[in-house]
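Colleague: Please take a close look at the salt bridges and at how buried their residues are. Please include one residue without a charge for comparison.

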Amino acid sequence: MSDMSGNSPLYKKAYVFFSSPISKDLVGHIKRDISILSRIAALREMNLEYFCIDSQGFSTDHEMALEQLFGEHNENSRDYEVCLNTMASRLATVFASLKEFPVVRFRAARSAMDATTTTTFRDLIPTKFAAALWDCLVKYRSTVPKFPQTETCDLLIVERSIDQIAPVIHEWTYDAMCHDLLNMEGNKYVYEITTQSGKMEKKEVLLEEHDPVWSELRDLHFGDASMRLHDKMSQFGSKNKAAQIRLGRDGNELSTRDMQKMVQALPQYSDQLDKLSLHVDIAAKLNQKIKEQGLSDIGHLEQDLVFGDAGAKELINMLKTKEDMTAENKLRLLMIYAAIHPEKIDGVKSLQWTQLARLSSEDMNAVKNMEYIGAPISKKQSGGFSLKFGTHKKKHGIRKERNQDEEAWQLSRFYPMIEELIESLHNGELSKEEYPCMNEPSSTFQSNGTNGASVRSTNSLVHSVRTSKPASTWARPRHSDDGYSSDSTLRHAASDPMILGKRIYVFIIGGVTRSELRVAHKLTRKLKREVVLGSTSVDDPHQFITKLKLLNAFADLSLDDLEI
């Protein structure tokens, strides 16, 4: 306010936009200063208390939500209540800004399905969060201009215990591997390039949707992405006249027209080559990481454990024979095993696994703390335990095989559990006992979104998180196959899906993974409904393990205090 008050303001007019609701006291304070009031050209609440991850994902920026909500010492704590209420108010701004009013469904406490189960404060997190969110939505419905009065979309609220494996398993899609293996800072990737003078210099790029190659490759299995990248480079070299000349592949004399087109194509050629070279560099580094860490063997065992094709015997054998395995990869294997066989990690068994894997007690703390997100590790079991096993092998997995196109690649069997939940919600098959509604939908609302096409076409108030392509063609670049066009190689292979139904929003309390973001993209195409995925944070495996270690730590510790 000091910039605009007095006789000599810094600016002639002020346009003030608040990302969150402002108090009446603050509005009154502004109104009382007459000199400021006359200079305010605009004053608005924007309801934008969230960060976009991509066109179908967002975060409420609660990096400590896992600790503050699921931590051992946080029952009835101030952090617990503040985190829940802040999350609710921030999620509500998503619907306020997009002018959406959802049917709110949430995961019920386990005691709602099983009376013999004791309800813990962690079990009630989705219930309390849904109630707090509903209070915010009811307020918006009566205060936000043009806010819908009837339901326009579905919202499903769950927490991290729905899938304890997705955050730690090695995902073999391009996006997930980049964030898992390349030590990226957010979406920023740093690599070295050779300048025209022959010097090496570092270059920073953002792996985001403005890069058409990234958008095309991100959800593909790494093997498929590598093949497609190779094809793009081959196509680029064969079709782009400037590239042929630069690479010395065209020995014919140049016509005047060729020279003119070459000069016109050179800036475009440089841009194309930079984009393709970036992803060639990334693919080479990922291949190197796979070989150095022996990730192919580890990945096979991980997925065999998940689908019940391997057990303790195979895990013990790998821990004994693969002596060069990193501590983090050992830990991730044990966490997957603990999610499937929690009873085989408790007590003395935990010590045996620690000695076998040669992990520190701090590392094993992450395994034990999986109990706080739903793995009943401390459940007492009768009988002894030995690292020697008999010949009888029982298939015990927590995933059922799904018939998917991606299964052409062996390491693409794994899928996040959120995929099944979203499909069940779309098909109207989601249990109302396990996932009750905060608000019963009106008679005109169809959960499967079959009447959503008319809503989308007539309701101009509903804005998309996605960047929609314009109906007209005047702003689109002209496509050419003469080898000179800048977008002939980088053009998207698939167009945006035809969105027919109401949106499905899913909010995961405790962090979301790259594999779950991929599900949102995949099911949007499959269901013809835009799936938008939100969470408290986006975590790669390293970040998630570090957060798990904090769940039984004292309150004065932070993420910076623990490293793997």
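Modeller: A residue is called buried under 20% relative accessible area, exposed over 50%, and partly exposed in between (1.4 Å probe, protein chains only). By that rule Thr354 is buried, because its relative accessible area is 15%. This is a predicted model, in which local features need pLDDT of at least 70 and side-chain atom pairs count only at pLDDT 80 or more, while totals for chains, interfaces and linings use all residues. Residues are numbered from 1 along each chain as its sequence is written, and side-chain values use heavy atoms, with hydrogens and water left out.

Thr354 sits in helix α14, which covers residues 348-357; helices (H or I, at least four residues) and strands (E, at least two) are DSSP runs numbered from the N terminus. Leaving aside residues up to four places away in sequence, Thr354 touches Leu359 and Met364, where contact means heavy atoms within 4.5 Å.

Now the charged side chains. A salt bridge is a side-chain nitrogen of Lys or Arg within 4 Å of a carboxyl oxygen of Asp or Glu. The model has 28 salt bridges by this rule.

One of them joins the side chains of Lys547 and Glu63, with an N to O distance of 3.0 Å. Lys547 belongs to helix α19 (residues 541-549) and Glu63 to the loop between β4 (57-59) and α3 (65-70), so this pair ties together parts 484 residues apart in sequence. The two partners are not alike in burial: Lys547 has 4% relative accessibility and therefore counts as buried, whereas Glu63, at 34%, is partly exposed.

A second salt bridge connects Asp175 with Arg514, at 4.0 Å from N to O. This pair also links distant parts of the chain: Asp175 is in helix α6 (residues 174-181) and Arg514 in helix α18 (residues 514-527), 339 residues apart. Asp175 is buried, with a relative accessible area of 7%. Arg514 is buried as well, its value being 16%.

A third salt bridge is formed by Arg218 and Asp219, whose closest N and O atoms are 3.9 Å apart. Arg218 has a relative accessible area of 10%, so it is buried. Asp219 is at 18% and is therefore buried too. This pair does not stand alone, since a network of salt bridges links Asp54, Glu209, Arg218 and Asp219.
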